[in-house]
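Here are my notes from going through the model, in numbered points. Have the viewer open alongside.

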Amino acid sequence: MELSKRQEQIIEIVKENGPITGEKIAERLSLSRATLRPDLAILSMADFLEARPRVGYFYTGKRMSELITNKLKDYTVSEFSSEPVLVKEESSVNDAISSMFLSDVGTLFVVNGDACLVGVLSRKDLLRASLGNQNLNEIPVHIIMTRMPNIKMCTVGDLLIHAARKLIDNEIDCLPVVKNTALGNQVIGRISKTNITKVFVALIQEE
Ligand code: ADP
């Protein structure tokens, strides 16, 4: 949210003189209280100022970065996850490469006969398997994938910031979003660095 010059002036006045009534702020700006009303409403709604009845306006001390941080802390994986792209463990490297191109993702999740997560395939995993190998139709993905129990995962209820932290700490591009069932982990989504970047942009646009 971009503040107008007048809104910035109001914040400065409240910072220095708060608590201060709307009437007094108007006086200082040589404006009427009515002219100021929309600006005061906006600043209160955006949490820059707090209005207390019969006392006046306080500066909340919250800066834009703090407001953004507060929102980010509430976001969960469920709101931002994308559709996962799955391949079967007996699929060939060739099939996996085709899937990756067709679905335009950078990470595939490998599932067993019960549709439960058993592995992860990244671009470099497939590239490495392709180097010097002529017959990619004959190599099953379960030979080259990163497998359980080494897979980093998240669930829909996890905070997005925790998922982002896992991506950074483990130097990976994508996490499967899983639901634990009696058979194993069903893959119900994915959170990639792209999802996190989209949130970052959305936050700024919202403001
Ligand atoms: P790339 O290697 O294509 O740059 P990544 O950085 O995501 O992509 O992958 C690095 C390695 O980590 C690969 O071997 C991949 O199989 C593995 N990997 C990717 N995602 C995960 C994950 N969620 N959990 C465990 N290992 C992963």
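1. Start with strand S4, residues 107–111. Thr 107, Phe 109 and Val 111 point one way from S4, Leu 108 and Val 110 point the other way, and all of them are buried. In a regular strand the side chains alternate between the two faces of the sheet. Keep in mind that this is a predicted model.

2. How enclosed is S4 by the rest of the structure? Largely so, because 5 of the 5 residues in the strand are buried. The cut-off behind that word is under 20% relative accessible area.

3. Now the neighbours of S4. Strand S3 (residues 86–88) runs parallel to S4 and is joined to it by 3 bridges. If you want a pair to click on, Lys 88 has Val 111 as its bridge partner in S4. Add helix H6 (residues 93–103), and S3, H6 and S4 make up a right-handed β-α-β unit.

4. Strand S5 (residues 117–122) pairs with S4 too, this time in the antiparallel sense and over 5 bridges. Here Thr 107 has Ser 122 of S5 as its bridge partner. S4 and S5 form a hairpin with 5 residues between them. In that turn, have a look at Ala 115, whose phi is positive at about 65 degrees.

5. Two more backbone angles to check. Arg 54 is not a glycine, yet it has a positive phi of about 65 degrees. Arg 54 sits in the loop between strand S1 (49–52) and strand S2 (56–59). Is Arg 54 buried or exposed? With 86% relative accessibility, Arg 54 counts as exposed.

6. The other one is Asp 104, again not a glycine, with a positive phi of about 55 degrees. Asp 104 belongs to the loop between H6 and S4, which ties this point back to the β-α-β unit made by S3, H6 and S4. Asp 104 is exposed, its relative accessible area being 69%.

7. Which peptide bonds are cis? One of them runs from Gly 18 to Pro 19, with omega near 0 degrees. Pro 19 is in the loop between helix H1 (5–17) and helix H2 (22–28). Another cis bond goes from Met 148 to Pro 149, with omega near 5 degrees. Pro 149 is part of the loop between strand S6 (146–147) and helix H8 (160–170). If you set up anything from these coordinates, these are the omegas to look at.

8. On to the ligand. Which residues come nearest to it? Of the 14 residues around the ligand, the nearest are Lys 124, Asp 125, Thr 146, Lys 152 and Asp 173. Thr 146 has a polar side-chain atom 2.6 Å from an oxygen atom of the ligand. Two backbone contacts also go to ligand oxygen: a polar backbone atom of Asp 173 is 2.9 Å from an oxygen atom of the ligand, and for a polar backbone atom of Glu 171 the distance is 3.4 Å. Taken on its own the ligand has 540 Å² of accessible area, and the protein covers 84% of that.

9. Last, a residue in helix H1, namely Gln 7. Gln 7 is buried, with a relative accessible area of 6%. What does Gln 7 touch, not counting residues up to four places away in sequence? The contacts are Glu 2, Asp 39, Ile 42 and Leu 43.

Terms used: Residues are numbered from 1 along each chain as its sequence is written. This is a predicted model: local features need pLDDT of at least 70, side-chain atom pairs count only at pLDDT 80 or more; totals for chains, interfaces and linings use all residues. Side-chain values use heavy atoms; hydrogens and water are left out. Buried means under 20% relative accessible area, exposed over 50%, partly exposed in between (1.4 Å probe, protein chains only). Helices (H or I, at least four residues) and strands (E, at least two) are DSSP runs, numbered from the N terminus. Two strands pair if DSSP finds at least two bridges between them. A crossover is right-handed if, with the strands pointing away from the viewer, the path from the first strand over the helix to the second runs clockwise. A residue is near a molecule or strand if one of its heavy atoms lies within 4 Å of it. A polar contact is a pair of N or O atoms within 3.5 Å; within protein, one must be able to donate a hydrogen and the other to accept it, and residues adjacent in sequence count only if both atoms are side-chain atoms. Accessible areas come from the Shrake-Rupley method with a 1.4 Å probe; for residues, only the protein chains shown count as cover. Contact means heavy atoms within 4.5 Å.
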